[in-house]
Amino acid sequence: MDADGYAGEPRRKKKRGGIELLIAFGAIALLGVIALTLYVIGEQKRRAAAGRAAAQEAILQRNMALAGGTYAQAESAGMLFVMGKDPGATNETLFGPFRTNEAVWNVIYDRNYKEGRPPALRTEQRAMFPDRLRFDKVEHTREDNGVRLNYAFADNMATPVVIASKAIKGADGDTANPGGVITVVVKAENDDRFENAKRKKAEKAAEPAATK
């Protein structure tokens, strides 16, 4: 009603909802779909990463088990030689168990002994393959019951290997034969640790050229 008492036509109330609500619900639904999609993608990535990590760990364990088992064979074959109790051991005795094992890259026995007057410490080395004594070690190392296990490369970075070695003590009271070292080298399955080591070495080799 106006100042003269005239009511006039009733005002129509605006209807709320309609298109605006549909747009709002659509936006909410779209955000939900996006969130769900991102979650699914993230979960897939997490599962893939976990699966890859598990696969890499499995390779590591197989490599270490192969090296450790081969070392145990070498210790059985050459312990007496390294301790000086069987200095005349034949190559067949020392290396015979490994001749047909293609996974074995090398087996090395270092026997320390004292000789002469005054006694001088000397070393006799027996290697299954005397031309396979150079290695490029990788950072990854572990120790198992005194056996040191190292990732490494042989053959000028062409062959990934695991080196297993252990210092062998001489017999109590035997001052002429203080012991030595038994080392085995086995071919390894390639994994990310080897690949990363090769990448780092390549990057390091490229540094001088980049600074010129």
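Author: Welcome! One definition first: Ala, Val, Leu, Ile, Met, Phe, Trp, Tyr, Cys and Pro count as nonpolar, Asp, Glu, Lys and Arg count as charged, and the others, Gly among them, count as polar. Please keep in mind that this is a predicted model.

Reader: Thanks! With those classes in hand, how do the residues of the lining of the largest pocket divide?

Author: The lining of the largest pocket consists of 13 residues. Val138, Glu139, Asn196, Ala197 and Lys200 are the ones that lie nearest the pocket centre. By the classes above, Val138 and Ala197 are nonpolar, Asn196 is polar, and Glu139 and Lys200 are charged. Over the whole lining, the division is four nonpolar, two polar and seven charged.

Reader: Which element gives the most to the lining of the largest pocket?

Author: The volume of this pocket is about 250 Å³. Two elements give two or more residues to its lining, namely β3 (136-144) and α3 (192-211). With six residues, the one that gives the most is α3.

Reader: Let's turn to the sheet. In what order do the six strands of the open sheet stand?

Author: The pairing throughout this sheet is antiparallel. Its edge strands, each pairing on one side only, are β2 (120-127) and β3. From one strand to the next the twist averages 20 degrees. Read across the open sheet, the order is β2-β1-β6-β5-β4-β3.

Reader: Over how many bridges do β5 and β6 pair?

Author: Strand β5 covers residues 159-169 and strand β6 covers residues 179-187. Two partnerships show the register: Lys169 is the bridge partner of Gly179, and Lys166 is that of Ile182. The two strands pair in the antiparallel sense, and the number of bridges is nine.

Reader: And which residue of β6 is the bridge partner of Tyr109?

Author: In the sheet order, β6 stands between β1 and β5. Strand β1 (residues 104-115) and β6 pair in the antiparallel sense over eight bridges. The residue in β6 that serves Tyr109 as bridge partner also has Lys166 as a partner. That residue is Ile182.

Reader: How many of the nine residues of β6 are buried?

Author: A residue counts as buried when its relative accessible area is under 20%. Strand β6 is largely enclosed by the rest of the structure, because so much of it meets that cut-off. Out of nine residues, the buried ones number seven.

Reader: Which residue in β5 does Asn150 stand opposite?

Author: Strand β4 covers residues 147-154, and it pairs with β5 in the antiparallel sense. Seven bridges join the two strands. Opposite Asn150 stands Ile163.

Reader: Which residue in the turn of the β4 and β5 hairpin has a positive phi of about 55 degrees?

Author: There are four residues between β4 and β5 in this hairpin. Asn156, in the loop between these strands, has a phi near 55 degrees, a positive value in a residue other than glycine. The residue of the turn with a phi of about 55 degrees that you ask for is Asp155.

Reader: Met157 is in that loop too. Is Met157 buried or exposed?

Author: Met157 has a positive phi near 70 degrees, and it is a residue other than glycine. Asn156 is exposed, because its relative accessibility of 71% is over 50%. For Met157 the relative accessible area is 17%, which is under 20%, so Met157 is buried.

Reader: What is the omega of the peptide bond from Arg117 to Pro118?

Author: Pro118 sits in the loop between β1 and β2. The peptide bond that leads into Pro118 from Arg117 is cis. Its omega is near -5 degrees.

Reader: Next door in β2, which side chain makes a polar contact with the side chain of Arg126?

Author: Arg126 belongs to strand β2. Its relative accessibility is 16%, so Arg126 counts as buried. At 3.1 Å, the side chain in polar contact with that of Arg126 belongs to Glu124.

Reader: One last thing: what distance separates the C-alpha atoms of Ser76 and Leu94?

Author: Ser76 is part of helix α1 (residues 18-83). With a relative accessible area of 67%, Ser76 is exposed. Along the chain, Ser76 and Leu94 are 18 residues apart. The separation of their C-alpha atoms is 9.1 Å.

Note on methods
Residues numbered from 1 in each chain as written. Predicted model: local features only at pLDDT ≥ 70, side-chain atom pairs only at ≥ 80, totals over all residues. Heavy atoms only, no water. 1 Å grid on protein atoms, 1.4 Å probe; cavity = no way out; pocket = protein on both sides within 12 Å on 5 of 7 lines; lining within 4 Å. Points joined across faces, edges and corners; volume = space filled by probe spheres on them. Pairing = 2+ DSSP bridges. Axes fitted to C-alpha atoms, helices over the stretch in contact; angles between N-to-C directions. Buried < 20%, exposed > 50% of the residue type's maximum accessible area, 1.4 Å probe, protein only. Polar contact = N/O pair within 3.5 Å; in protein donor to acceptor, adjacent residues only side chain to side chain.
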